[in-house]
Amino acid sequence: MTAQIVLVGRPNVGKSTLFNRLTGSRDALVADVPGLTRDRRYGRAQFGGKPCALIDTGGLGADGEFADLIGEQADMALADAHCALFLVDARAGLTAGDEAIAELLRRSGRRIVLVINKIDGLDAEAAGSEFARLGFADTFRVAANHGRGVAALTAFLARLLPEGPAVPETVPQAMRAAIIGRPNVGKSTLVNQLLGERRQIVLDRPGTTRDAIEIPYQRRGERFLLIDTAGVRRKGRVAGIVEKFSVVKALDAMERAHVVVLVLDGEEGVVDQDLHVLKLAADAGAGLVVAVNKWDALSGDERRRCRAALDRRLDFIPWAPLRCISALRGQGVGRLMDEAAAVFRRGRFAVSTAALNRALGGLVGEHPPPSKHGRPIKLRYAHKLGEHPPRIGIHGSQAEALPASYVRYLENGFREAFDLLGNPVRLVLRNGGNPYAERANVLSPRQQRQRARLMRHRKLRKRKTRNRKVHL
């Protein structure tokens, strides 16, 4: 098992900044706001060639409704950790909260490394003097934001870590599944139900999740990477810089996902914001599965009305599979992930060029494209351009002039022909122009002599014809 290193400390001491620095990423959301991180975030790092998992946790010792839940998350991370990086703030100095966390870490029995952060602009030795009373032998002074002192810390971690397991040369690609939806529709509850543990903080209030958290998951031999995201509200209701960044991270998760699971609230039905998020997911190009949550709370009549509303309001995207679930009770959750895995497999789009051209010929023969300015639009050739989403290039004369209605007809036809349910189909239309139009025709010396003889002959014939007309 890969060694795990957990980052702990008070709020706003720079844990997420150091996490990004050590993993060489920008995964963790960072802002000068206390209590920004709530859920555990895992990342990969290598120190001296030894792989390890870094775990970023929320700030300990803060007041508020999330304090106990954040502490519970930190305890879970410490339970399996090889060592803990205890971050403190050199500018704030030693506080009672730091001493309380230090006592908690001592009782955990883990190897503790004291990291005195934010020493930029300060004398390093003087900045760490008051933290000596905590009694930790392994102490490092760093400025995580600028990288000062981080090299010494990573060298120490390389010596501290055990040799990790050999990394296989070829690792099968994990399916990235982004859990998207409005606030408080049950996204984190769904993730916890899939994992079988309280992996994400869940409260009956919107805005609990702030960052896009990636969580590895396996089901029936298939590897997933679940991405729990913050709720996406209407633009006019987004308040504060933190929520703005949370929405940006959620949108970015859609762009990176193979499949987007859009979670709707069955009790509230489909609202305009759900349709907006659905359009964003479709435009991102990921496969799409719609999950109607809280289905167990509806009566028989309410379910029938909800079904009718879903059929009416989602008629613009009939190719998206729909599943009714209860994330809290686990009803339908397994079938939901089976559907997401099936959408992912279809999105690989393993289709030959010959099959694409046969399908194109059948679609054009059944319903020929319209004309433009009296000239028929001819579609001659189709080939595969990419997968996730399936992309098809179509060549022909005036292909780019195809109306949107005919493009949708082709998309739906290809989707049906190759069983691409749940995947948006992208068509790239290209006009088949003259491939030699821009190439200069350079004549050889022999061709130039022949051309000169031909021109003399044409002039002579024109002169004889003109003289004949004069005599007549």
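Q: What share of the 472 residues of the protein chain counts as buried?
A: Keep in mind that this is a predicted model. To count as buried, a residue needs a relative accessible area under 20%. Of the 472 residues in the protein chain, the share that passes is 48%.

Q: How much of the accessible surface of the protein chain belongs to carbon and sulfur atoms?
A: Start with the total, which comes to about 24400 Å² for the protein chain. The part of that surface belonging to carbon and sulfur atoms is 49%.

Q: How many helices and strands does the protein chain have, and what percentage of its contacts between residues at least 6 apart join residues at least 24 apart?
A: The secondary structure comes to 13 helices and 17 strands. Now take the contacts between residues at least 6 apart in sequence; the part joining residues at least 24 apart is 71%.

Q: Which strands does β5 pair with?
A: Strand β5 covers residues 111–117, and 6 of its 7 residues are buried. A parallel pairing over 7 bridges links it with β4, residues 83–89, where Asp 89 stands opposite Asn 117 of β5. Another parallel pairing, with 3 bridges, involves residues 139–141, and there Val 115 has Phe 140 as its bridge partner. So the partners, given that pairing takes at least two bridges, are β4 and β6.

Q: Which helix does the chain pass through on its way from β4 to β5?
A: The connection is a β-α-β crossover, and its hand is right-handed. The helix in the middle spans residues 96–108 and is α3.

Q: Is β11 mostly covered or mostly open, and on which faces?
A: In β11, 7 of its 7 residues are buried. In a regular strand, side chains alternate between the two faces of the sheet. Here one side carries Gly 287, Val 289, Ala 291 and Asn 293, while the other has Leu 288, Val 290 and Val 292, all of them buried. β11 is mostly covered, and that goes for both faces.

Q: Which helices sit in the right-handed β-α-β units on either end of β11?
A: β10 and β11 run parallel with 7 bridges, and Asp 265 has Asn 293 as its bridge partner. β12, residues 322–324, is also parallel to β11, over 3 bridges, with Leu 322 as the partner of Val 290. The right-handed crossover from β10 to β11 goes through α8, and the right-handed unit of β11 and β12 includes α9.

Q: Which element gives the largest share of the largest nonpolar core?
A: This core has 32 residues, and Val 260, Leu 288 and Ile 317 touch the most other members. Elements giving two or more residues include β7, α7, β10 and β11. The largest share is 6 residues, and it comes from α8.

Q: Which residues does Ile 317 touch, leaving out those up to four places away in sequence?
A: Ile 317 is one of the residues that touch the most other members of the largest core. With those close in sequence set aside, its contacts are Leu 278, Ala 282 and Leu 288.

Q: How many disulfides does the structure hold?
A: A disulfide needs two cysteine sulfur atoms within 2.5 Å. For Cys 52, the nearest cysteine sulfur is that of Cys 83, 8.1 Å away; for Cys 306, it is that of Cys 324, at 6.8 Å. Cys 52 is buried at 3% relative accessible area, and Cys 306 is buried at 8%. The number of disulfides is 0.

Technical notes. Residues numbered from 1 in each chain as written. Predicted model: local features only at pLDDT ≥ 70, side-chain atom pairs only at ≥ 80, totals over all residues. Heavy atoms only, no water. Buried < 20%, exposed > 50% of the residue type's maximum accessible area, 1.4 Å probe, protein only. Core = buried A, V, L, I, M, F, W, Y, C linked by side-chain atoms within 4.5 Å. Helix = DSSP H or I, 4+ residues; strand = E, 2+ residues; numbered from the N terminus. Contact = heavy atoms within 4.5 Å. Areas by Shrake-Rupley, 256 points an atom, 1.4 Å probe, with all protein chains shown as cover. Right-handed = clockwise from strand over helix to strand, strands pointing away.
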